[in-house]
Amino acid sequence: MSDGRVNADPQQEENMVKPPVKRSLTLLIVTYFFLFFGSIASSLLAKYYFVYGGSSRWVSTWVQSAGFPLLLILIYFPHYVLKTTTRRPFTRFTLRHLIFSVLIGLVLGFNNFLFSWGTSYLPVSTSSLLLSTQLVFTLILSRIIVKQKITFSNLNCVVLLTLSSVLLALDSSKDKPSGLTKTKYFIGYVSTIGAGLLFALYLPVTEKLYRTVYCYAMVMEVQLVMEFAATVFATIGMACEGGFKEMVKEANHVFTKGPTFYWTFAILANVVTWQLSFAATSGMVYLTSGITGGICMTALLAMNVIGGVVAYGDVFGGVKIVSTVLCIWGFSSYTYGMYMKMKKEEKEKGEYSGVKTTEDSVEMEVEMGNVKDDVAAADDRA
């Protein structure tokens, strides 16, 4: 992996590769592509497990983080195979990084559990739109935790996306699947909102943690520890509830598509796509910011809504159409605002940088192509 940060310590610079801006911009595009694919595929496959007979929320929680060994490829290949960095894996991975990664991972594990509860009861389209409520809390917490500036573009985006969820809530009675009690629907509704709130906390907290790392590979190392901790949380739940035995029982006797589809799509494909989604989310937060990563993910919720309608026949009435349009409108307004701000600074400074990069041992923060010359923030990151 190419490095995307700077550190004034000469000894650290020896273990870093300073890539050109174009290479870092390519990394950002590739990261968003995996976020796009992983987010949509994981949401649909999570529902696939429940649609065809799966019933264990702990199994659904476990598969969301159990693919953490896949991150070893992103950690070790750049140094030992691709030779794109001289930094050895886990170099300068401190005790502080370890402790915070474990704590965040445990919170992430509980977040996955809440998501599983919501997914088991709600249609994909409904849960996807409900998750967009996390954005308003991400903005607030980003302001508190990482001093994120509140601008018209990000505030307008948050308002539109939140309004889309409010509209959905007002029309929720029409969207309740047949045979599902009001109590279970309420549990799914509240669980999904809770998952959104925890993820809103996850984004700015990880952004603050990533300010102490200095390369993309180190981000994957932190993510590996987080996912490991989340897997331990899910494994304990699985063991207490007999989840591993239940997996065998579901595969052989319950899952309507048969054992092959169960292990291939409901389990293995879920493991891979969830890991892609979480790893890409971490990459987006590192390369841009927590609020930008949240907005990019929320924009994909509109695709999840459409995916739920196509794959599972979810009802796509007038309210969902309006909610989806508001999601797209909010993201488009934010992207346009960032574009105009970038163009303005490009004109004023005569320079452009696509993502966070290194120049003359001075760290610069870039959000969607916007260079922020905040000296205090740079000192804090160094």
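Buried means under 20% relative accessible area, and exposed means over 50%. The exercises below apply these cut-offs and others to a predicted model.

**Exercise 1.** Is threonine 206 buried or exposed?

Step 1. Locate the residue: threonine 206 is part of helix H9, which covers residues 182-210.
Step 2. Take the relative accessibility, which is 0% for threonine 206.
Step 3. Compare with the cut-off: buried requires under 20%, so threonine 206 is buried at 0%.

**Exercise 2.** Find what the side chain of threonine 206 meets.

Step 1. Look for a polar partner: a polar atom of the threonine 206 side chain lies 2.8 Å from the backbone oxygen of tyrosine 202.
Step 2. List the residues that threonine 206 touches, leaving out those up to four places away in sequence: Ile104, Met226 and Val285.

**Exercise 3.** Classify cysteine 215 and cysteine 240 by accessibility, then give the number of disulfides.

Step 1. Cysteine 215 has 1% relative accessibility and therefore counts as buried.
Step 2. Cysteine 240 has 64% relative accessibility and therefore counts as exposed.
Step 3. A disulfide needs two cysteine sulfur atoms within 2.5 Å; the count by this rule is 0.

**Exercise 4.** Over which residues does pLDDT stay under 50?

Step 1. Begin with the chain as a whole: its mean pLDDT is 77, and 76% of its residues reach 70 or more.
Step 2. One such stretch is residues 1-23, for which the model has 69 contacts beyond four places in sequence.
Step 3. Another is residues 351-382, with 80 contacts beyond four places in sequence.

How values were computed. Residues are numbered from 1 along each chain as its sequence is written. Side-chain values use heavy atoms; hydrogens and water are left out. pLDDT is the predictor's confidence in each residue, from 0 to 100. Contact means heavy atoms within 4.5 Å. Helices (H or I, at least four residues) and strands (E, at least two) are DSSP runs, numbered from the N terminus. Buried means under 20% relative accessible area, exposed over 50%, partly exposed in between (1.4 Å probe, protein chains only). A polar contact is a pair of N or O atoms within 3.5 Å; within protein, one must be able to donate a hydrogen and the other to accept it, and residues adjacent in sequence count only if both atoms are side-chain atoms.
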